[in-house]
Amino acid sequence: MQSSRTKAPARATLIAGVCGAFFMSAMASASAETLTVWSGYPEMAPFYEHVAEGLKKKHPDLQVKVEAIALREHEKRVALGLSSGGSDITVIELAGSTATRYLENELLPKAPDDVASFVKDPQNFGTFFSDTASYDGTVYGMPLFRGQGALYYNTEMFAAAGLTEPPKTMDEYSEYASKLVQRDASGKATVSGWSMRLSGGGQGIAEKFWVNLHQYGGALLETDGHGKWKAGFANEAGRKTLKQYLDNIFVAKTVSPEMPADADAFERGQTAMFIRESWVIGDIAKKAPNLKYATAPLPKGSIGLPTNLYVAGEEGKTQIGWEFAKATNEPENLVWLLKNVGWLPNRSNVDYSSVTKEQPAFAAFVDYPKDYSFFTLPSIGPVEEILTRVAAQLVIAFGDASLAGDDAKIDAFLAKTADEVNTILTREGLLAK
């Protein structure tokens, strides 16, 4: 977390000047018994409606309007709305790293004392989650759910390859990929052994690379503990990670940027294994209900992308919004969330065994080793720019066969990319010495 608040009035003024008119038409009119919920995940709408129904037992006249749209459109809506002001009571769903830009500009209010005490209680949330709902040590959000990776693997393909358990080390990931890949008569891969994120949305490529890097003990960004950061991948961990990608693409040829990838490929039997978040479980149930698969924790740990609820509105009138945010964390509601939506609740002192017994695939996400470690995206303004820039460079590397097997070239590539990251951090006054 940053040690001091950095103001960015010019950015806020620019957004407000361009987009102020939009906000007034986008926000729903509100009263003391009316609130709006803004979500960036359409699949979350039934959950918020479920919470609203429960809250009506105490507030029978409460009207809750849930507006759940695609994430990128949601992020634009939030930027427009918060910078333009308004008095409506709105519960806003945001990743902790995304919320930072608004906290820097004092566009979101801090949580009331009862919510802050609930969030800071270690019986409810580990420090990983309470910290990402805070800024400068003050609680601003209510932790709710997270994106977290685990391995998905096709059990029928594993059995056919003579594999009886999931890989437990990164070396085994590559060994398994070579045994699982399926080829046509010419030797071209038709089913990838391990679907690695090689193309697609920019930021996601860097995030998935960071997940693999984490298994080697590395990080894209490292902090000095005082709000400053630097690139942390131009080293042995970064070399091992990129080398594994390149070996699978160009040496073992178990995967390529052109092959079908990710959840769609897994559901269609076009890849044997891949790393993804828990939402895939529900997606498989809908699109490939007969697919034989299992999940497993990653070797060392996973990315954890916590999403929190923040409340915006006229000062002194946001109580109902915070009451709603707190109600989302009632145990019954969190069990409902995991079972019916598939996102992982952040609260720890809740029994989710009824869900994992019914759907064992969730176990890899909630029953992991005690020494399992999590990392998240730093709550700094340029984090998305950094991830997008790293992703663009990685795409170039994934298409450059000359890098494969050449440690010197890999090191040079990593050093150049790290310099670009550090240049962005320097520009923002965030570079660690």
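**Note on the predicted model**

1. The protein chain holds 18 helices and 16 strands, and the coordinates under review are those of a predicted model, a point to keep in mind throughout the remarks below.

2. On confidence, the mean pLDDT of the protein chain is 90, with 92% of the residues reaching 70 or more. The stretch to treat with caution is residues 1-31, where pLDDT stays under 50, although the model still gives this segment 63 contacts beyond four places in sequence.

3. As to overall dimensions, the C-alpha trace spans about 70 × 50 × 40 Å along its principal axes. A compact globule of 433 residues would be expected to have a radius of gyration near 22 Å, and the value for the protein chain, 22 Å, agrees with that expectation. Among contacts between residues at least 6 apart in sequence, 76% join residues at least 24 apart.

4. Burial and surface can be taken together: of the 433 residues in the protein chain, 53% are buried, while the exposed area comes to about 18700 Å², of which carbon and sulfur atoms supply 52%.

5. In soluble globular proteins, nonpolar side chains tend to be buried together. In this model the largest nonpolar core has 60 residues, and the members that touch the most others are Trp210, Leu220, Leu242 and Met273. Helix H17, which runs over residues 383-398, contributes eight residues, the largest share of this core. Apart from it lies another core, made up of 56 residues and including Leu55, Val280, Ala327 and Val350.

6. Helix H2, residues 45-55, deserves a separate look, since its buried residues include Ala45, Phe47, Tyr48, Val51, Ala52 and Leu55. These residues cover an arc of only 165° around the axis, and they therefore lie on the same side of H2. Leu55, one of these buried residues of H2, is also among the members of the 56-residue core.

7. Is Lys208, a lysine in the protein chain, buried or exposed? Lys208 is placed in helix H9, residues 202-215, and its relative accessibility is 12%; because buried means under 20%, Lys208 counts as buried. Once its neighbours within four places in sequence are left aside, the contacts of Lys208 are with Arg197, Tyr245, Ile275, Arg276 and Glu277, and a colleague inspecting the surroundings of this side chain could begin from that list.

How values were computed:
Residues numbered from 1 in each chain as written. Predicted model: local features only at pLDDT ≥ 70, side-chain atom pairs only at ≥ 80, totals over all residues. Heavy atoms only, no water. pLDDT = per-residue confidence, 0-100. Contact = heavy atoms within 4.5 Å. Buried < 20%, exposed > 50% of the residue type's maximum accessible area, 1.4 Å probe, protein only. Helix = DSSP H or I, 4+ residues; strand = E, 2+ residues; numbered from the N terminus. Arc of directions from axis to C-beta. Rg over C-alpha atoms; globule rule 2.2 N^0.38 Å. Areas by Shrake-Rupley, 256 points an atom, 1.4 Å probe, with all protein chains shown as cover. Core = buried A, V, L, I, M, F, W, Y, C linked by side-chain atoms within 4.5 Å.
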